[in-house]
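I opened this entry to note what I looked up, topic by topic, for a reader who is new to the structure.

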Amino acid sequence: LPGGTEVFIDPRGEIPLFLLPFSLPDALVPTLLIVTPGGATTLAHLVREIEKTILKVFGLRERGRWVRMCGVEEGEIRKWMEEASFETEIELKSYPAPGGVDLLVRSRHEPSLKGIMETIEAKWGKLCYSLEGETLEEVVGKLLLQQKTWLAVAESCTGGRIAARITRVPGSSRYFDSACITYSNRSKEQWLEVPSRLLLEKGAVSAEVAAAMAEGVRRKEGVALGLSVTGIAGPDGGTPQKPVGRVYIALSDGSETIPEQFQFHGDREEIQAQAAQIALEKVRRHLVRSAEFGVRR
């Protein structure tokens, strides 16, 4: 290994992490080469060492706070950042994310950091799914676990992305029951009992079919919540009435089923990513409302 390389070993195994700080000619700041093992689960045990090295190499006193939002455009956040007046100790940076924005907040002055976090929560609180940098699937998982609620998913245009994200979280078997990838009309009929008449009259990409899918997977699996997604991810298949990016997302809780229409933009991957994010956000908001209702009662 090159001189100066720090080596750390995953405490659960023998997979190494290599960290090598160095300076490039005429560079104003140093460079840090990070060679990580594969797999998010393994890397999670080494993140602390990576953060410590970043702080040391770049002379930072804090690692900052990640605020994650869903259902807001980056333009709105940037406009707010330009118009609002912040203390000079505050550093704000926005980054586009599927279906929303990630906001990095930093300050070397703890009271200033606390103040800006309170301001963000007051202004954008309902759209913030995490003030601690958690992923949306982690937040949804915690809420499902807290409310002892089981979820099943029926996916069409997202092709399993939602299930993959949910099961990426360790322990998700305690609240996630199953997923059906019902891509064809035939599978929607056979697995989810979506009426063929409904598919013929309304089309697979419709609010009515999304609702039937959510109800069907909830009934079939015997769980409290059924989530469904159906849409046109492109690049082909769109029409003037249902253009590429048109997606319907529905959530059924046994007492009501609420389908929503969305129009996403981008290529196939981007549309699928946005649909999966918004679907998880729909579950989160439902669970938050349920918790608030429970408190009021």
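Which residues of α9 are buried? I worked on a predicted model, in which local features need pLDDT of at least 70 and side-chain atom pairs count only at pLDDT 80 or more, while totals for chains, interfaces and linings use all residues. Residues are numbered from 1 along each chain as its sequence is written, and side-chain values use heavy atoms, with hydrogens and water left out.

**Helix α9.** I took helices as DSSP runs of H or I with at least four residues, and strands as runs of E with at least two, numbered from the N terminus. With buried meaning under 20% relative accessible area (1.4 Å probe, protein chains only), I listed Val209, Ala210, Ala211, Ala212, Met213, Ala214, Gly216, Val217 and Arg218 as the buried residues of α9. The helix covers residues 207-221, and because its 15 residues at 1.5 Å each should span 21 Å, I compared this with its end C-alpha atoms, which are 21 Å apart and so agree. The expected span is 1.5 Å times one less than the number of residues. After α9 comes Gly222, with a positive phi near 65°.

**Cysteines.** How many disulfides are there? Counting a disulfide as a pair of cysteine sulfur atoms within 2.5 Å, I arrived at zero. The sulfur of Cys70 has its closest cysteine sulfur in Cys128, 11 Å away, which is too far for a bond. I also noted that Cys70 is buried, at a relative accessible area of 0%, and that Cys128 is buried as well, at 9%.

How values were computed. Buried < 20%, exposed > 50% of the residue type's maximum accessible area, 1.4 Å probe, protein only.
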